[in-house]
Amino acid sequence: MGTLTYMPTEHVPVLAAELIRFSEPGRGDTVVDATFGAGGHARLFAERIGPEGTLICIDRDPAAAERYAEFAAEVSCETRFVGERFDEAIAALLEEGVRADLVYFDFGVSSMQIDAWERGFSYSFDAPLDMRMDPRSELDAATILNEWPERRLAEVIRGYGDERRARAIAREIVARRPLERTSDLVEAVRAGLPPAARFGRGNPAKRTFQAIRIAVNDELEALDAALPAAWSLLADGGRLAAISFHSHEDRRVKRFVAELARGCVCPPEFPVCRCGREPQAELLTRGGVAPSAGEAADNPRSSSAHLRVALKLGSAPKGDA
Ligand SMILES: C[S@@+](CC[C@H](N)C(=O)[O-])C[C@H]1O[C@@H](n2cnc3c(N)ncnc32)[C@H](O)[C@@H]1O
């Protein structure tokens, strides 16, 4: 029998051309990359803002900090790294008095994290049940799977993974405790599914892995806290951009920017506006932007991606004479 060799993939930045097009970075801009990862997007922005620009890079994963060290040596703009959760990092930048022309997010995990098989993000490799983006945080996947009550597990798997069979999967997880390896979780998922669903398209454990990863990293709470902080960090005429990979992320971004873009909220029977509410944002990507068929085929990780960009309205929007 031949040996299977696993080839790690370089992280390919998703929707890169679209992100640049809608964010319109200019020379000298101050840009905040809230999810540095392998620095793919950051490189593109560094080129555009030039030596007069500033790029602040955030990532909670110390592996991204190592990538950042190489990146910083290669780019000409002023740059620094903040190794914290993005909501906390942005709050600290606000305290410092930073004002940004652009804050962008590219949520989720990078190929770099998935390829580090021992970190347990992937259902394709057998590894300890970890899934922490920040190895300094206490909560890992093993703790959730072995200690959380069955009902709470089912809520997580259903709520964050949209898994219809969440209750049956949670029951299997609890019956198999202690789970130690990602392969134990894959088997528990398979056992919780009816036979027909075990061998469909794609790995049936994908939704459960996504759900547990979101819970381990408190991803949606961080996102909810980061969006308003990022908006406050923007100068008038600045832009907020976000690339989401599943409906839970995209729904939050969409609601957040839609609320900012709302003007008058007076009842329709009022002949004139009495609320005086003015829109604070213009939506530059109405329904959001999806990858082209070519990008989705070349980089399957991009296929569920969705970009939204909003412009912060103020006295002098960027681009106005
Ligand atoms: C999809 S990758 C970003 C890839 C990057 N745009 C590139 O082109 O290389 C997402 C990165 O964001 C980081 N991340 C996710 N959630 C975070 C959070 N709440 N706070 C800080 N970093 C986070 C992850 O550790 C990961 O490195």
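# Close-up views: rings, cores and cysteines

**View 1. F36 counts as buried, with a relative accessibility of 3%.** Please keep in mind that this is a predicted model. F36 belongs to one aromatic cluster together with Y68, F71 and F81. The structure holds 11 aromatic pairs. In one of them, F36 meets F81 edge-to-face, with 6.2 Å from centre to centre and 85° between the planes. F36 sits in the loop between β1 (30-33) and α2 (40-49), while F81 sits in strand β3 (residues 78-82), so this pair ties together parts 45 residues apart in sequence. F81 counts as partly exposed, at 22% relative accessibility.

**View 2. The rings of F45 and Y104 are stacked, because their centres lie 4.6 Å apart with the planes at 25°.** F45 comes from helix α2 and Y104 from strand β4, so the pair ties together parts that are 59 residues apart in sequence. F45 and Y104 are both buried.

**View 3. Here an arginine charge sits over an aromatic ring, with R152 placed over W148.** The charged end of R152 is 3.6 Å from the centre of the W148 ring. For R274, the ring below the charged end is that of F270, whose centre is 4.2 Å away.

**View 4. The largest nonpolar core has 34 residues.** I58, V103, F105 and L240 touch the most other members of this core. At least two core residues come from each of β2 (54-58), α4 (86-96), β4 (100-106), α12 (219-233), β5 (234-244), α13 (247-261) and β6 (281-283). Helix α12 gives the most, with 9 residues. Another core, of 29 residues, lies apart from this one and includes L129, L153, A211 and I212.

**View 5. What surrounds I58, leaving aside neighbours within four places in sequence?** I58 is in contact with V32, D33, A34, T35 and F36, and also with F81, V82, E84, F86, A89, I90 and L93. Take a moment to find F36 and F81 in this list: they are the edge-to-face pair of View 1.

**View 6. The cysteines form 0 disulfides.** C77 is in no disulfide, and the nearest cysteine sulfur, in C57, is 7.5 Å away. C77 counts as buried, at 6% relative accessibility. Why does C266 have no bond to C264? The sulfur of C264 is the closest cysteine sulfur to that of C266, but the distance is 3.7 Å, too far for a bond, because a disulfide needs the two sulfur atoms within 2.5 Å. C266 also counts as buried, at 16% relative accessibility.

Conventions: Residues are numbered from 1 along each chain as its sequence is written. This is a predicted model: local features need pLDDT of at least 70, side-chain atom pairs count only at pLDDT 80 or more; totals for chains, interfaces and linings use all residues. Side-chain values use heavy atoms; hydrogens and water are left out. Buried means under 20% relative accessible area, exposed over 50%, partly exposed in between (1.4 Å probe, protein chains only). A nonpolar core is a set of buried Ala, Val, Leu, Ile, Met, Phe, Trp, Tyr and Cys residues joined through side-chain atoms within 4.5 Å. Helices (H or I, at least four residues) and strands (E, at least two) are DSSP runs, numbered from the N terminus. Contact means heavy atoms within 4.5 Å. Rings of Phe, Tyr and Trp (its six-membered ring) pair if their centres lie within 6.5 Å; planes under 30 degrees apart count as stacked, over 60 as edge-to-face and the rest as tilted. A charge sits over a ring if NZ of Lys or CZ of Arg is within 6 Å of the ring centre and within 35 degrees of the ring normal.
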